[in-house]
Amino acid sequence: MENNFDIIIVGGGIVGLATAYKLTLHHPNKKILVLEKEKEVAAHQTGHNSGVIHSGIYYKPGSYKAKNCVEGRRELVKFAKDYNIPHDICGKIIVATHESELAHMTKVYNNGIANGVEDIEIIDSKRIKEIEPYCEGISGLWVGCTGIIDYTDVAKKYVELIHSKNNGSKVLTSQKVIAFEKNADSTVVVTESAKFTGKYIISTAGLQADRITKKEGTKTDSAIVGFRGDYYDLTEKGLSKVKNLIYPVPNPKFPFLGVHFTRMIKGGTECGPNAVFVFDREGYTKTAFSLKDTVDAFTYKGTWKFFGKHWQFGLDEYRGAFSKTYFLNRLRKLIPSLQMDDIVAARCGIRAMALGPEGEMLDDFKIEKKGNAMHVINSPSPAATASLAYGNEIALMATEYFNLK
């Protein structure tokens, strides 16, 4: 096997694969290698998210992710149409259930207008009922350009297109990176079973982003802390109570959106997620534990400062993790008629939250650069929706930083 490449990308999630795909378009003469440690691509955050095609309505106008979400969403929808990837632009509603939420709901609406999000409008309680008959709210937002898709399908299409270039670029799985050997004009990337030489290195390692960055020899003052999101599915009895997507107005005091209802492109409807700190970055059960992950989290001062700011929120989320009744009561804020036998415990996902040393949640892209390497420390939601836009931005950064010809 030929083991020499122009660029080696560590991490086969949707951002790493989109970056590789965009690099093959910008530089068809360059050989790109993507190394993924799992047996399949998109095994972690990409394959465990809710599959929503986000509109871009939430994000601060002018921010990197606001711009890239709107542009990336439009490109993603065109991509899905071009390659016959199942998707549905079904729209969603964001529902205010109390007068205290109206001011922030209006701010979200204004953000959407400023960001150029199409097909959004403020709706009244009657219109809410017309869209989602079982939902109760005093006002809301209709976001018609929101949709659903399976991002694993998207990621696999990126792989197919990378291989179709026939220029030596490839994606390899079951290749866990364990070391980097630095040479004068290249880096040898050592995996558990092979060695690959690359002139330039890009890491998009998600839940392991901080570790890969440090392993390669680049410093970062940020750290990844994992947060698990638990989901319930609507049972056959409960499915009739949700048509498409129902979201609450996000609480600006808390770092997550809150539980919501999402119809899935391959069938069923999910309810959730909550957000609880995990003791194992890649442990998809409520009792998973990794000593290394736990020690790393609790020896980073930013973790404690984050907990100090949000401890009350954290306790509330843990109650939802271990009490179906408590979780159901949160869902009833949007659909009061929901019953215990309308929901059943389902899967969970883990989000890589990048924290700064003062406990601040990094809200936008963060990339560290040194020598012949670039490391994506944080590619926050809506990374899946915006993967083509994010991938293009990273490819353009790499073109400039590495002086690619």
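Two strands pair if DSSP finds at least two bridges between them. Helices (H or I, at least four residues) and strands (E, at least two) are DSSP runs, numbered from the N terminus.

The model is predicted: local features need pLDDT of at least 70, side-chain atom pairs count only at pLDDT 80 or more, and totals for chains, interfaces and linings use all residues. Residues are numbered from 1 along each chain as its sequence is written, and side-chain values use heavy atoms, with hydrogens and water left out.

**Exercise 1.** Find the strands that pair with β13, and give the bridge partners of Y232.

Solution. Step 1: take β18 (residues 343-355), which pairs with β13 in the antiparallel sense over eleven bridges. Within β18, A345 is the bridge partner of Y232.
Step 2: take β16 (residues 269-272), which runs antiparallel to β13 and is joined to it by two bridges. Here C271 stands opposite Y232.
Step 3: take β17 (residues 276-277), antiparallel to β13 with two bridges. In β17, F277 stands opposite F227.
Step 4: check burial (under 20% relative accessible area with a 1.4 Å probe, protein chains only; exposed is over 50%, partly exposed in between). Eleven of the twelve residues of β13 are buried.

**Exercise 2.** Describe the largest cavity by its volume and lining.

Solution. Step 1: fix the terms. On a 1 Å grid over the protein atoms alone, a cavity is a set of points where a 1.4 Å probe fits but cannot get out, and a pocket is an open set with protein on both sides within 12 Å along at least five of seven lines; lining residues have an atom within 4 Å of a point. Points are joined across faces, edges and corners, and a volume is the space filled by probe spheres set on them.
Step 2: the count is one cavity of 30 Å³ or more, and the largest has a volume of about 50 Å³.
Step 3: its lining consists of I224, V225, G226, F277, V278, R281, D293 and A297. β13 (223-234) and α7 (291-298) each supply at least two of the lining residues; the largest share, three residues, is from β13.

**Exercise 3.** Decide whether I377 is buried or exposed, and list its contacts.

Solution. Step 1: I377 lies in strand β20 (residues 373-378). Its relative accessibility is 3%, so I377 counts as buried.
Step 2: leaving aside neighbours within four places in sequence, I377 has contacts (heavy atoms within 4.5 Å) with A209, T213, T220, S222, I224, A354, K366 and E368.
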